[in-house]
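Student: Could you walk me through one part of this protein close up? I'd like to see how a single helix sits among its neighbours.

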Amino acid sequence: MDAIDLQLIEKLYLTNCKSIFFGIETGSDRIQKISNKNIKIDKTIKEKVKLITDKGIQNQINFIVGFPEENLEDVLKTIELAGELSEINYNVFVSYSIMSPEPGSKIKELTKQEQYIILTENDYYKELKEAGFKIQILDPIFFNHIYIQSKIKIMILLKFLTKQLNILNY
């Protein structure tokens with residue numbers, strides 16, 4: 001997001017770009033630093049998203065919930081930023097993901113296999129199970145998007161997030 005400027009937006013428009021994806025991940029400066037994402041959370045994000053949508057380019061923006069260091073204040077900042085961005089216009093689509101340790105990442109290195117839980121309501125999990133995979137005996141590195149860290153606070157944050165999204169009519 002920090003690399004987007006007027007010149008790049010114009011080039012995207014001239015090449016007939018229809019959609020762009022931004023992994024902003026969090027609305028918290030603190031979590032941005034911890035996760036080494038380092039996107040500046042300020043008004044320029046909203047300005048850039050508006051400039052892009054003014055060119056008719058769709059914005060797909062993803063946020064992640066469940067960073068191990070994340071607290072309620074961080075989650076609220078993420079929800080607030082997501083809400084502000086989604087209000088820009090109809091060409092902004094906000095989505096949320098649950099933190100899943102990616103192979104090769106610092107969080108994967110710090111997470112022991114017994115700290116994972118499987119998201120059995122995940123479509124990917126259901127398809128693998130229907131295909132006969134015995135997922136529980138395989139290393140999570142192969143199926144990281146159906147695993148999350150087994151921290152009680154993640155479940156609390158997800159319940160809270162769901163409630164907030166219902167209040168905001170997402």
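**A close look at helix α3**

Tutor: Happy to! Let's begin with the whole chain. The protein exposes about 10,300 Å², and 56% of that comes from carbon and sulfur atoms. Keep in mind that this is a predicted model. Of its 170 residues, 38% are buried. The secondary structure adds up to seven helices and five strands, and along the sequence they come in the order α-β-α-α-β-α-β-α-β-α-β-α. If you take the contacts with a separation of 6 or more, 71% of them are between residues 24 or more positions apart.

Now zoom in on α3, which covers residues 43-54. Start with its length. With 12 residues at 1.5 Å a residue, α3 should span 16 Å, and its end C-alpha atoms are 17 Å apart, so the two values agree.

Next, which residues of α3 are buried? They are Ile45, Lys48, Val49, Ile52 and Thr53. Try looking down the axis of α3: these buried residues fall within an arc of 130°, so they line one face of the helix.

And what covers them? The cover includes two helices, α1 (6-14) and α4 (72-86). It also includes the strands β1 (19-25), β2 (58-65) and β3 (92-98). Right after α3 ends, have a look at Gly56, which takes a positive phi of about 80°.

Those strands deserve a moment too. Together, the three form an open sheet in the order β1-β2-β3, with parallel pairing. β1 and β3 are the edge strands, since each pairs on one side only. From one strand to the next, the twist averages 20°.

Let's pick out β2 and β3. They run parallel, and seven bridges join them. To place yourself in the structure, find Ile64, which stands opposite Ser97 in β3.

Finally, come back to α4, one of the helices that help cover the buried residues of α3. α4 lies across β1, β2 and β3, and it runs at about 155° to β3.

So here's the picture to take away: α3 has its buried residues along one face, and what covers those residues includes β1, β2 and β3, the strands that make up the open sheet.

Terms used
Residues numbered from 1 in each chain as written. Predicted model: local features only at pLDDT ≥ 70, side-chain atom pairs only at ≥ 80, totals over all residues. Heavy atoms only, no water. Helix = DSSP H or I, 4+ residues; strand = E, 2+ residues; numbered from the N terminus. Buried < 20%, exposed > 50% of the residue type's maximum accessible area, 1.4 Å probe, protein only. Contact = heavy atoms within 4.5 Å. Areas by Shrake-Rupley, 256 points an atom, 1.4 Å probe, with all protein chains shown as cover. Expected span 1.5 Å × (residues − 1). Arc of directions from axis to C-beta. Pairing = 2+ DSSP bridges. Axes fitted to C-alpha atoms, helices over the stretch in contact; angles between N-to-C directions.
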